[in-house]
Every structure is written in C-alpha cells, then in structure tokens.
Amino acid sequence: MRTEEPRAIRLKDYRAPDYKVSKISLDFVLSPEATRVTALMTVARTGVLAPLVLDGEHLKLVSVALDGRVLGTEDYAVDAETLTIDKVPEHFTLEIVTEIAPAKNTSLEGLYLAKGIFCTQCEAEGFRRITYFLDRPDVLAVYTTRIEADKALCPVLLSNGNPIAGGELPGGRHFAVWHDPFPKPCYLFALVAGDLGVITDHFITMSGRKVDLRIFVEHGNEPKVLYAMDSLKRAMKWDEEKYGREYDLDIFMIVAVSAFNFGAMENKGLNIFNDKVLLASPETATDDDYAHIEAVVAHEYFHNWTGDRITCRDWFQLSLKEGLTVFRDQSFSADQRSAGVKRIEDVRLLRLRQFQEDGGPLAHPVQPQSYITIDNFYTATVYEKGAEVIRMLKTLVGEDGYRKATDLYFERHDGQAATVEDWVRCFEDTSGRDLSQFRLWYVQAGTPVIEARGAYDPGQKTYALTLKQSLAPTPGQPVKKPMHIPVRLGLLGKAGRALPLTLEGENAQGPEERVLELTDAEQTFTFVGVDEAPLLSVGRGFSVPATFKVTQSGWERAALMAHDPDSFNRWEAGQTAARTTMLDAISGKVSGPDPLYVEAVGEVLARAKDDMAFAANMLTPPLESEMAMAMTVVDPDAIHAARLTLIRAIAAAHGEKFAALYDSLSATGTFSPDAASAGRRALRNACLRYLTAADDDKAAALAAAHYEAATNMTDMIAGLATLTRMVSPRADAAFAHFYNRFAKDPLVIDKWMGLQAGSSRPDTVERVRTLMGHAAFDIKNPNRVRALVGAFSGNQLRFHAADGRGYALVGETIRTLDKINAMVAARMAGAFETWRRFDDGRQALMRHELETMAKTPGISSNLFEVATKMLG
Ligand code: 0A1
Ligand code: ZN
C-alpha cells in the first residue's frame, strides 16, 4: 500500500547498476506460513564507490552476513522497500535470510500458494518479495536453487534449469537442487512445489539433442494438456525453421496453476501458466480456447530466445521482448491456421483494445517514457502495437531482410540485457536503411489517421493517389512529427481485375500489389498506364496500425467485399459498410439498413463454404464496442438497437439461405480442434445468430435444441449465448443444466458466469450481484473476477446503463479488490478508460467512481496511477 505520493520512474534517468551479482544460491525451506529463504550471492562493484541498495518488500529479515560475517543492525539500514549497506568491499559474498508467508500472499506476486501449490511470479518486480536483491532486469546471475519441503504435501519440487541433486530428509521431508547455467535476471526465476500430476514427452532438436518435455497439472487434469504438449512441439519446430532458434536446456517444463494474474510466464525452463490458457478437452474448451492455448504456449516458449537469452535492459524496453514475441506467436498461429483469418482476429483485437487505449487518457508510446508502477504497462500498446511495429519493419525490409536482421540480433545480443535501440540498429546494419524516422513508432503515442484521395485522369491514363497523415495529441505529447508508414495497396478494375501498379518514371510495368512508403505529412504517388478508372484497395493486410479515411460509395464497398484479392480488405470493406449503415441509422439519416450491404451479405453466403472461418467473420458485424469507437458521443442504447435492426434485416432477407447453410453444416464424426473444423463450427454458429434474430419463442426453441444437440463446448456456448438474450424458461433450463453438468470445473463455470454477465437482459446487473455471492465466485482468484465482473464491464449496454448501477458495481469491486490484488484491480479499472466519450450524465457517474477510487485511503500505487491518469 502507498504511504506517500508515488514517484515516477523515468527512462532518461537510467543508470547502469553499481553492483553485479554473478551467482546466487537460493535455499527454500517451504512452509505456508513461514517459508525461510537463504540467498547467498557473489557480488562485485562495477563503478564508483556507492552504497549497496537492495530491493525488498513485505519481507521479514532474519539475518545478513557479508563474507561470512554476520552483520549487526548498525551495519545496514532497512525500510519498507530497501536494504542498504553503506560500506562493502569490491568483491564479496552476501548471505541474506528472510522469512515469507506464501499462504497470506493474495497479490500473487513473489511466492504464493494456489490450491496447495507453492508457486512464484517474479515479473516484473516480484522477486523482491522473496529476498533482498538487485531487482532489475540488467543484473544477470547464474542461479542454483535448493528446495526443501514435506514430501507428502510437495512430492514435486521444481525450479529453473536442470535438476542436479535431490534426496530424502528426516521427518518425512525431501529436497531437490536445480541449476540454471544461463545467466538471467531475477524476474525469470521460478519455483513450483506441490502434489502435481505430469505428462511427459520429448523433442529432438535440429542438432539432434533430446529435450525432455513435462507438463505438470492438478491430478486428474493430465488428459487436458495433450493439446498444449502438441502445440509446444510444433512451436519448438517452427522456431527452428523460421528463426533458427534451438532450445538450450535438457528439460522444458510447464506448470498450470489456478490463481494467476495474467496469462502465463516465460520463466527459464519452467513456464508457469494460468490453467485457463493450458487445459483443454472437447467437452470443456471452445475452439477459441484451443487457438488461444496454442498461441500462449508458443508465446511463452518463444520467449526463451526473445526475453530469456536476450532480455531487457530496463522495463522501458518491455516491448523489445513482448512486441517481438507477440509478433512471433501471431506468425506461428498464422502458419498453423489460416493466415487471413488470423490477421482479421488480431486486427479486431488491436482496434478494440489498443486503439481504444491510444485514443484515451492512458495513451502511451510503445516505449513509455515514465511510469509509477511497471505492472500498469503490460498493455495492448506495449504488446499488440509493439507487434505491429515489428510487422512494419518486416514489411519494409522484406522476408529475407527480416531474417538477416533477426539472425544478427541473436548473434550480437545473446546473453545480454538489450534495448529497443539495439534491435532497430540490427535492421539498419543488415538492410543499410536509415530507420531514424521509423523509430518514432516507439516514442510517439496515438493512432495515425491516413487520408487517401485518388484522382483518375482518363486522358493521361494516370491515377494520382494523395496520402495525408496526421496524429492527434496524446497526454504529454501535444505536437507530433510525421511517421514512416508502409502502405500496402492495389488497384482494381472492372469485375475485380487487378491493375498493374507502375509509378511515374518507372520503365517496366509494375506489380499488382506494392508497398508505398509515406514519410511526409502529405505525398502524392502517380501511377501511369492505368487504363480504366480504378477502385482503390489501400492498407491491405492492415499494413500499418492506423485508421484509413477513404471516401467510398456503397457500390465501391460492395465491389471490394466481393473482389478484393486481399482477404483482410474484403473483410474490412464489409465492416465499413456495416458500420456506415448502422451509424446512418443512429443519426437518423436513413430509415433502414443499406440494401446494397444486405445484398452483399447474400453473396458472402453463396460463397461461404470456400473459406468457412473467413465467412463467419464476414457475417459478424462490428461489435457494439467497435461501434462505440466510431461515435463522437457514445450512445450504448442506440448502438444496441441499430445492431439488432441490422441483424434482423439480414436475417429477413436471407432466412432460407441461413437455414440451408446451418443444416448442411451439422457436426459429423469425432471432434477435432483443427482450424478447418473450427471454421465449420464458427460458420454454423454465425448462421444460428441470424436464425434466432427474432428472439422469440421459436428462436429460443432453436437455441435450446442447438445446445442440447451439441457434442462440444463451442456449440454448447453458442446455444447458451443465444439464450442469454432471452428471458425464457428455456434459457433458465439450459443454464441450470450447464451448471449441474460442470459444477466441479471452475474454468467452465467461468464461462457460465461470463455469459450471464454479458447478457443484454435488463436485469443483468442484479444477476451479476447475485452471482458474486455464489459459492463458485472467489474475489481472490483473478480468473473468477475477470469471468464475472470483467465480462460485465465489457457489456457495453448494461455496464453503461444510464442509472449508473453498473458503474457502481464495478467501482465497488475494484476498491475491494485493490486491497487483495492491486495489479488486477488496476487493470480492471481500465473499464472506465472511455469515460469522456459518453454523455454528460454518464460522464458524471463514471467520474464519481474514479474520484472515489483516487480518494480511497490506502489505495495502492497501481490503482492510484491509473485512476489519476484517467481523471487527467
Ligand atoms: N511476460 C509475461 C507476462 C506476465 C507479466 C507479469 C505477470 O505477473 C505479474 C505475469 C505474466 C508474458 O508476456 O507472457
Ligand atoms: Zn510475453
């Protein structure tokens, strides 16, 4: 908890550490209430004479010994955050004994107990809750870890690296010793101990080494990790092929835990996962869960090189490992599944989360310049926009150029704590290009707007394309410079014919797609030999995380929906058309949905079976929250109504086609989570949305039948999600049935809670309140909180109910949670990020919640930082 005004940490104040720790031996004697940690470190001074200041929080200090001599309390000073020793020699050993209480640790940072399992989370600054140390990523040490515990309670004892010793001890106790030969920062340290089941497998690396693979889970869950194991092996192979990266230890382990603040953690050789992103079976996991598990398993594995072997110099470099690793996991998933569909999903998420962030009070650059609590910077900007920046680098230097740059990066910086600057320099050195302007992507916050205007001259047969970029001010950055922007585009002629893109002055005929580089505020590119008035397809594949403004008619959009060779832009044209017609309805410009769009959806249905996952995306109009981003003053009720009207109009126009498609796609054979089978289910469930559009009893009957006939979780959830819109005994019956069937599986009950919290029913807020009192709800477990209250705060219609009861519920929960788990509370407060975009009444209500948070005595610095930034 905060005792004084929190202090901001700034990138410009970075200084190399005064001391280095080259080796550390840790000895844990585990017990829930009093775990004893003995840390023996080999320390060397690196610079001028300076006191040794170690980080440490929530620790009971037992003893300190320097070069074997126990220090008296006059030899050092301890406060709530540090241990300082004024005089130390140039080289010395330091032995520190501390005591901690994992059972009382609800913050889930440092060492904590989750359902009887001891486990650690040290990123970003959790290691200081285990012992006093130089808790910063540029201090790299070799770790040896001895763990001692009761054998019956903790038969499994794990840490980083390779196991080197173990054995029995008197009194039913035992121990294990692990050694990790790779120097690492303390945020990558991990320990797990408990009674766990295990699945084992192995992988032969490209140089022929055998690596043992082990996934540890609660007993009984072993069959649910087979998919994760399979994903892991595919990820290991992929990283060898695409990046030349081979795994480096003899053993790679993953552990699933039930209480975890984020998704998963890349501790060297011992990844720790939130069980939500690891456990799957056809009965309990949806297709989205499977895809997510594959992505997160790959993400954490890829960190072994981008994060562990090459780590970050300081936390301002977070995107160096996160943006890059997200880009790597996105590329992996694209290769395993459909690249086009993956791109659509990634962009949808980017816009929803990152564009939102970039346009609001919490906007910050990919490389933030200051922070109060680094935990608050594990954001969509650092992760997802960071990944987009790397994708743009790849677009600029090409496939081969990218491989050359990453090869150099691994060769040059292996074993180092590197910077974003080091990374960009590798691209410059291998490509010979000057990327100084490109670096602005790391330091300027905000989403650029690119206006595209084309002028066709039929006499000259030229097409002049003017691109104009602008970037709105963001907090602390009133004035911006033009960025270096790769714009992928094509021109379409009649019936979708791709026209060659030859720029003025070029001799040979150009290709059918190319990447223009926009570097000025405004630039005109003139194409020659354009023999008909073209249709512009710009920003293909979403080549830049920007918003394009293009003036297009309904006809042009329909033509792009049907003919653009770029699947992303086909989808984009459909989304724009749907959004435009909904906005027109909201503003009263039109009385009904655009018939051109409704007709174009018919075309989508006719070709749906060519690529079913893609068609499912085409059939999903922008979500209510996506619509909100397009409005100056968000009106949640009007958005909800407009979306319903659009869906009903499409359903009325194409009812028979939907029914025929739905019937033809019924499940056959045994379940497989592969992309094609998932796409088929997604398309069928998209049809269900339209077939139940009336929300009447016939619709409820169809949804209930869909639910009852379901043989996998994806279809069950689709049926239930339909029923959540309805107040009907059929809905009650299905929800009761679902609960009884899965009462023992918390991850599935999370879905049950989440669907109710996301319901458009008017009584949703009361139902959420009631569910918070349900035996399955536990405010100490982040998954439960996110599933219920998190899902509710994402329910635009009901969270933003004009009476303010939704705001009060979420505000109250955040304040309670802040005392238990400040990190999760601060993240949840992001629900209020958009408060200034609503009408005065709602603004006042949300502001009140934020002010109440900021004024709460003893508020954590995590929540203080986000609440005050949001208030602005
Ligand atoms: N490095 C992890 C993210 C992570 C960060 C902090 C955590 O606990 C406070 C946990 C995980 C990743 O990118 O996967
Ligand atoms: Zn990561």
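A polar contact is a pair of N or O atoms within 3.5 Å. With that cut-off in hand, the surroundings of ligand 1 in this predicted model are a good place to start. An N or O atom in the side chain of Tyr383 lies 2.7 Å from an oxygen atom of ligand 1. The side chain of His299 also takes part, with an N or O atom 3.3 Å from an oxygen atom of the ligand. Ala264 contributes through its backbone instead, where an N or O atom is 3.0 Å from a ligand oxygen atom. Of the 370 Å² of accessible area that ligand 1 has on its own, the protein covers 97%.

The wider shell around ligand 1 consists of 15 residues, the closest being Glu123, Glu266, Glu300, Glu322 and Tyr383. By class, this shell holds 7 nonpolar, 3 polar and 5 charged residues. At least two shell residues come from each of strand β20 (264–265), helix α2 (287–302) and helix α3 (318–336).

Glu123, one of the closest residues to the ligand, also has a notable backbone feature. The peptide bond between Glu123 and Ala124 is cis, with omega at about -5 degrees. Ala124 sits in the loop that links β11 (117–121) to β12 (141–150). A second backbone feature is found at Asp67, which is not a glycine yet has a positive phi of about 45 degrees. Asp67 belongs to the loop between β5 (60–66) and β6 (69–70).

Turning to the helices, two packed helices are described by the angle between their axes and the distance between the axes. Helix α5 (residues 380–413) meets helix α1 (residues 226–243) with axes that come within 10 Å and cross at roughly 105 degrees. The two helices α1 and α5 are therefore roughly perpendicular to each other. On the α1 side, the contact is made by Glu241, Lys242 and Tyr243, while α5 brings Tyr402, Arg403, Thr406, Asp407 and Phe410. This contact of α1 with α5 comprises 3 nonpolar, 1 polar and 4 charged residues.

Helix α5 also packs against helix α6 (residues 420–431), where the axes come within 8 Å and again cross at roughly 105 degrees. This crossing makes α5 roughly perpendicular to α6. Among the residues making the contact are Ile390, Leu393, Val397 and Tyr409 of α5, together with Trp423, Cys426 and Phe427 of α6. By class, the contact of α5 with α6 has 10 nonpolar, 5 polar and 5 charged residues. Tyr402 and Thr406 of α5 appear in the contact with α1 and are also listed in the contact with α6.

Methods. Residues are numbered from 1 along each chain as its sequence is written. Chains are lettered from A and ligands numbered from 1 in the order in which they are written. This is a predicted model: local features need pLDDT of at least 70, side-chain atom pairs count only at pLDDT 80 or more; totals for chains, interfaces and linings use all residues. Side-chain values use heavy atoms; hydrogens and water are left out. A residue is near a molecule or strand if one of its heavy atoms lies within 4 Å of it. A polar contact is a pair of N or O atoms within 3.5 Å; within protein, one must be able to donate a hydrogen and the other to accept it, and residues adjacent in sequence count only if both atoms are side-chain atoms. Accessible areas come from the Shrake-Rupley method with a 1.4 Å probe; for residues, only the protein chains shown count as cover. Helices (H or I, at least four residues) and strands (E, at least two) are DSSP runs, numbered from the N terminus. Ala, Val, Leu, Ile, Met, Phe, Trp, Tyr, Cys and Pro count as nonpolar, Asp, Glu, Lys and Arg as charged, and the others, Gly among them, as polar. Axes are lines fitted to C-alpha atoms, for helices over the stretch in contact, and angles run from 0 to 180 degrees between N-to-C directions. Angles under 35 degrees count as roughly parallel, over 145 as roughly antiparallel, 65 to 115 as roughly perpendicular and the rest as oblique. Contact means heavy atoms within 4.5 Å.
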